[in-house]
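Q: I would like a close look at a single part of this protein, set within the whole.

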Amino acid sequence: MKLQSGQVAVVTGAANGIGRALSEALHARGIRVVLADIDGEALAQAAAEIGPETVAVPTDVSDPAQVQRLADATLEHFGRVDLIFNNAGLSAGGPIWLVEPGDWRRIWSVNVEGVVNGMRTFVPLLIAAGRGHVVNTASLAGITTGMFNGPYAASKHAVVALTEVLRGELALLAPEIGATVVCPGPVDTQMMRAVTDGIGALLGDGDGDALPPQPAEGWFAALSPGQWQRLAPTLAPIIHLAAEMMPAARAAEIILAAVESDRLYVTTHPHWTPQVTDRVTRMVADLDAST
Ligand SMILES: NC(=O)c1ccc[n+]([C@@H]2O[C@H](COP(=O)([O-])OP(=O)(O)OC[C@H]3O[C@@H](n4cnc5c(N)ncnc54)[C@H](O)[C@@H]3O)[C@@H](O)[C@H]2O)c1
């Protein structure tokens, strides 16, 4: 979809990180932006800093009624909507069997149901207008799998699947509407910093050979000393992700370019896609060997 001055975009998770950078990049193109976030204070500040022709609507995306109010507020203020960025998301870590039920629900309700609420509410408006584009944020964790982020990876796989299905349905029933799924690698935001800084603090500035002390809190504390001994040496590469982090403003430009060229998939780190090839190759080899 061609991005043009005068269009209206709704961005969830807009108070920080990638959502805020998207809002800034859209605003710089003359697009009017409705910023939505659960953190009302940071949201108001972001909207004020980005400038005029922005509106801040405090919204918990996991609540369908609040997402409906977001749509109502958008139409009230600007009378139209062209783009919906379902970007709000959370992460949680730990081995699958140690993640608390409440954490599973929290991640699922925001990362998956939040995206579903955005699509259920805004797609009918785009179809009625006869134009528009849906942008759902997944992750590289939505197309590859690593350890210790089971709820996050599962939720982001769901976002990829939902966007693929949406795109097919729109192609048949409303071909004027596009859909893109964003699969970022590490982007410099509070979410990613929390991971790298947290592991950095845990490992300290040891020489890498000494076993760091096992934390007394969080899921690490639930491991046996033997499990901690096996896990700790594998954590150091996570700190090095910091060196791979892309500025959020650059990520936003990459995402908007994908919208303009109407691509289904987009990532910030294309040099990591061999991981996807390896996974699919392994999958196909096992499937082909099935009898
Ligand atoms: N930063 C990365 O490296 C990275 C990598 C892959 C995917 N992602 C995805 O990108 C998206 C943005 O992440 P980010 O890194 O900018 O994170 P961030 O933590 O900087 O920003 C996320 C924003 O979402 C908001 N939010 C949380 N729960 C919400 C809810 N229920 N309703 C509305 N808003 C809510 C937060 O208040 C916050 O402002 C997420 O979906 C995340 O999973 C990020």
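Which residue takes a positive phi just after α2? Please also describe the helix itself and its surroundings.

A: The model is predicted. Just after α2, the residue with a positive phi is G51, at about 125 degrees.

The helix that precedes G51 spans residues 40-50. Its buried residues are A42, L43, A46, A47 and I50. Because these residues cover an arc of only 135 degrees around the axis, they lie on the same side of α2. The opposite face, turned away from the buried side, carries E41 and A48, which are exposed. Residues count as buried at under 20% relative accessible area and as exposed at over 50%.

The buried side of α2 has three packing partners: helix α1 (17-28) and the strands β2 (32-37) and β3 (54-58).

As for the setting, the protein contains 10 helices and nine strands. Its radius of gyration is 20 Å, close to the 19 Å that the globule rule gives for 291 residues, so the protein is as compact as a globular protein of that length. Along the principal axes, the C-alpha atoms fill a box of roughly 60 × 55 × 35 Å. Buried residues make up 47% of the 291 in the protein. Among contacts with a separation of 6 or more, 68% join residues 24 or more positions apart.

Turning to the surface, the protein exposes about 14000 Å², of which carbon and sulfur atoms supply 57%. The protein has 18 positive and 30 negative charges, and the mean positions of the two sets are 6 Å apart.

Definitions and conventions
Residues are numbered from 1 along each chain as its sequence is written. This is a predicted model: local features need pLDDT of at least 70, side-chain atom pairs count only at pLDDT 80 or more; totals for chains, interfaces and linings use all residues. Side-chain values use heavy atoms; hydrogens and water are left out. Helices (H or I, at least four residues) and strands (E, at least two) are DSSP runs, numbered from the N terminus. The radius of gyration is taken over C-alpha atoms; the globule rule is 2.2 Å times the number of residues to the power 0.38. Buried means under 20% relative accessible area, exposed over 50%, partly exposed in between (1.4 Å probe, protein chains only). Contact means heavy atoms within 4.5 Å. Accessible areas come from the Shrake-Rupley method with a 1.4 Å probe; for residues, only the protein chains shown count as cover. Lys and Arg count as positive and Asp and Glu as negative; His and the chain ends are not counted. The place of a charge is taken as NZ of Lys, CZ of Arg, CG of Asp or CD of Glu. The arc is that of the directions from the helix axis to the C-beta atoms.
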